[in-house]
Amino acid sequence: MDLRFDALANEYDKWFAENHHLFDAEVEAVASVMEAGVKYVEIGVGTGIFAARLGIGEGVEPADGMAEFAAARGIAVRKGAAEALPYADGSVEGLVSITVDCFLSDIRLAYAEAYRVLKTGGSFVVAFLDAATPLGKQYEAFKENSDYYRGATFHTAAEIRALLEGAGFVCVEARQTVFTLENVPQSVKNGHGEGVFAVIQAKK
């Protein structure tokens, strides 16, 4: 993951405060496919803003600036990257990854690592910005003007599904939300193709 995020932690958190309705919808979409009673770890926990809302107590993060925010929110942060997770084989019940895919240096290796550390039957919840949607195409058009998304590689739902299946996962649930970037309440729908914020639940 790009360590420029050390300097963007404040800006990152500020966006969610200013766009609370979009944030609420994104949290709802992720939570809707998380399994009750499973202890999840967030890959790329960032400032811990999602983890805190989702009841996730542990995460992995390479950027110290982001990790400090997460620790202040009570998240136990392990230093590490998605491509080299600091966990033993088959030792994690569930994993969550939220808009991390677009910054990974090797997404195939990252998903292979997720598969490695999950227990058999474990749940991997992947949220991403769907490049095939109208807003996804807008993000692609303007990413180089963004300090946060400059250089990002956005994926379509079909691409994420294929990458997960290539790593050995079975995709079982799909959700989507954020149909407009106006800060207004948003619905969460099944499937993909309309909302830019997409979620897939995959099982090992």
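A residue is called buried here when its relative accessible area is under 20%, exposed when that area is over 50%, and partly exposed in between, with a 1.4 Å probe and with protein chains only taken into account. By this rule Val27 is buried, with a relative accessible area of 7%.

The structure is a predicted model, in which local features need pLDDT of at least 70 and side-chain atom pairs count only at pLDDT 80 or more, while totals for chains, interfaces and linings use all residues. Residues are numbered from 1 along each chain as its sequence is written, and side-chain values use heavy atoms, with hydrogens and water left out.

**The chain as a whole**

The secondary structure of the protein chain comes to seven helices and eight strands; helices (H or I, at least four residues) and strands (E, at least two) are DSSP runs that are numbered from the N terminus. The C-alpha trace spans about 40 × 35 × 30 Å along its principal axes. For 204 residues a compact globule would have a radius of gyration near 17 Å, and the 15 Å of the protein chain agrees with this; the radius is taken over C-alpha atoms, and the globule rule is 2.2 Å times the number of residues to the power 0.38.

Of the 204 residues, 52% count as buried. Contact means heavy atoms within 4.5 Å, and among the contacts between residues at least 6 apart in sequence, 68% join residues at least 24 apart. The accessible surface of the protein chain comes to about 8,700 Å², of which 52% belongs to carbon and sulfur atoms; such areas come from the Shrake-Rupley method with a 1.4 Å probe, and for residues only the protein chains shown count as cover.

**The sheet**

Strands of a sheet pair through backbone hydrogen bonds, either parallel or antiparallel. In this model an open sheet of eight strands has the order 3-2-1-4-5-8-6-7, with mixed pairing. Its edge strands are strand 3 (76–79) and strand 7, each of which pairs on one side only. Two strands are said to pair if DSSP finds at least two bridges between them. The table sets out several of these pairs, each with one pair of residues that face each other.

| Strand pair | Direction | Bridges | Residue pair |
|---|---|---|---|
| Strand 1 and strand 4 | parallel | four bridges | Tyr40 and Gly94 |
| Strand 4 and strand 5 | parallel | six bridges | Val92 and Leu118 |
| Strand 5 and strand 8 | antiparallel | seven bridges | Ser123 and Lys203 |
| Strand 6 and strand 8 | antiparallel | seven bridges | Val170 and Lys203 |
| Strand 6 and strand 7 | antiparallel | two bridges | Arg175 and Asn190 |

Lys203 of strand 8 is thus a bridge partner of Ser123 and also of Val170. Strand 4, which pairs with strand 1 and with strand 5, is mostly covered, since six of its seven residues are buried.

**Helices 2 and 4**

Val27, the buried residue introduced above, is found in helix 2 (residues 20–31). When residues up to four places away in sequence are not counted, Val27 touches Phe50, Arg53 and Leu54. Val27 and Asn183 are 156 residues apart in sequence, yet their C-alpha atoms lie 14 Å apart in space.

In helix 4 (residues 64–72), the residues Gly65, Met66, Ala67 and Ala70 are buried. The buried residues of helix 4 pack against helix 1 (9–18), strand 2 (58–61) and strand 3, the last of these being one of the edge strands of the sheet. Just after helix 4, Gly74 takes a positive phi of about 90°.

**Two loop residues with positive phi**

Thr99 has a positive phi of about 50° although it is not a glycine, and its place is in the loop between strand 4 (92–98) and helix 5 (107–117). At 11% relative accessibility, Thr99 counts as buried. Val178, likewise a residue other than glycine, has a positive phi near 65°. Its place is in the loop between strand 6 and strand 7, and Val178 is buried with a relative accessible area of 2%.
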